[in-house]
Amino acid sequence: MPSPLNIDLHCHSTASDGTLAPEAVVRRAAEQGVKVLALTDHDTVAGLEAAHDAAARLGVELVSGVEISTLWQGRELHVVGLNVDPGSPGLLAGLERNQARRRERAERIAEKLVQAGVPDAPDVLLRAAEGVATRTHFARFLYERGVVSTAQQAFDRYLKRGKRAWVNVDWMPMDEALTLIRAAGGNAVLAHPLAYGMTGVWMRRVLTAFREAGGEGVEVCCGNTGPQRIQTAIGYALRFGLKGSVGSDFHGPENPWIELGRITPLPPTVGPIWSGWPAHLQPPPAG
Ligand code: AMP
Ligand code: MN
Ligand code: MN
Ligand code: MN
């Protein structure tokens, strides 16, 4: 098992599809020895204020982040914005547009589930009305109602592309997300590059377009990525002139395979995305 790292630039709270409140995420990160943490909820910055308050109390340096669902050439890509100004009007307006897409999708997923004989999902729709509704919320609903025996099974049987409750979403174009992140003073990072199931040819196209549109980094070490995939991602960073980022993609303690700060360190050959950040956001040497 890799040694705990003291920087983690990708995780989720109850502001999107995590199970811990923002304060609890920060507290857990502190307990895990994380010194620099970015909270990167899906299409929202709503958890950042509470996270910043907790971080100030607990001695954690909190980086304002967000993970934006985007489309490029019909493919869904997740773009993490790091060190963004959470009050940026353009960013907030863009995130609200993605949230509206999520609300609309949630209504349609709920309809499809009813058609598939699953009971109504009013609590998930209530959530949708409040803000960020994710497929994870539906997965947990299906699990809690006993329709499936694990949340993963909910994705496999209902929620994945091609399954009964799949609904296509016209997410924000990738270029727009990059523009908004940059206008908010942040650095754009392509999240989990090996999670898209793309061929090498497509990945090269994506990374070229991402770089040309102002993307600055790629996640090299995310979650419990194995050594071979890390090598592939290192190759992406070096070949396409991108900096490296590291993040657990923690969603909650229910998943024992993913823990805050438990990430393979960035190899010295790859420039870190945090290299240009202010001194207080530089991670101290791991010890
Ligand atoms: P959404 O952005 O609403 O489409 O939801 C995507 C979220 O669902 C991701 O951020 C993951 O947390 C989770 N997810 C996506 N695909 C799967 C899968 N195959 N199995 C389990 N969780 C998944
Ligand atoms: Mn998620
Ligand atoms: Mn993601
Ligand atoms: Mn994520």
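The manganese ion (ligand 3) is held in this predicted model by three protein donors, namely Glu 67 through OE, His 78 through ND1 and His 192 through NE2, which lie 2.1 to 2.2 Å from the ion. If you follow these donor residues along the sequence, you will find them spaced as E-x10-H-x113-H. The two histidines link distant parts of the chain, since His 78 belongs to strand S4 (residues 75–82), while His 192 sits in the loop between strand S6 (187–190) and helix H8 (200–212), 114 residues apart. His 78 counts as buried because its relative accessibility is 13%, below the cut-off of 20% that the term requires, and His 192, also with a value of 13%, counts as buried too. A second manganese ion (ligand 2) is found 5.7 Å from the manganese ion (ligand 3).

We can now turn to ligand 1, which occupies the space of the largest pocket. Helix H3 (89–115), helix H5 (135–144) and helix H6 (151–159) are the elements that each give two or more residues to the shell around ligand 1. Among the residues of this surrounding group are Asp 17, His 42, Arg 102, Thr 134, Gln 152, Phe 155 and Lys 160.

Some side chains can be followed right up to oxygen atoms of ligand 1: an N or O atom in the side chain of Arg 105 is 2.5 Å from one such oxygen, a polar side-chain atom of Arg 135 lies 2.7 Å from an oxygen atom of the ligand, and for His 251 the corresponding distance is 3.0 Å. Taken alone, ligand 1 would expose 500 Å², and the protein buries 76% of that area.

How values were computed. Residues numbered from 1 in each chain as written. Chains lettered and ligands numbered in written order. Predicted model: local features only at pLDDT ≥ 70, side-chain atom pairs only at ≥ 80, totals over all residues. Heavy atoms only, no water. Donors = N, O, S within 2.8 Å, 3.2 Å for Na, K, Ca; no water. Helix = DSSP H or I, 4+ residues; strand = E, 2+ residues; numbered from the N terminus. Buried < 20%, exposed > 50% of the residue type's maximum accessible area, 1.4 Å probe, protein only. Near = heavy atom within 4 Å. Polar contact = N/O pair within 3.5 Å; in protein donor to acceptor, adjacent residues only side chain to side chain. Areas by Shrake-Rupley, 256 points an atom, 1.4 Å probe, with all protein chains shown as cover. 1 Å grid on protein atoms, 1.4 Å probe; cavity = no way out; pocket = protein on both sides within 12 Å on 5 of 7 lines; lining within 4 Å. Sits in = over half its atoms within 2 Å of the grid points.
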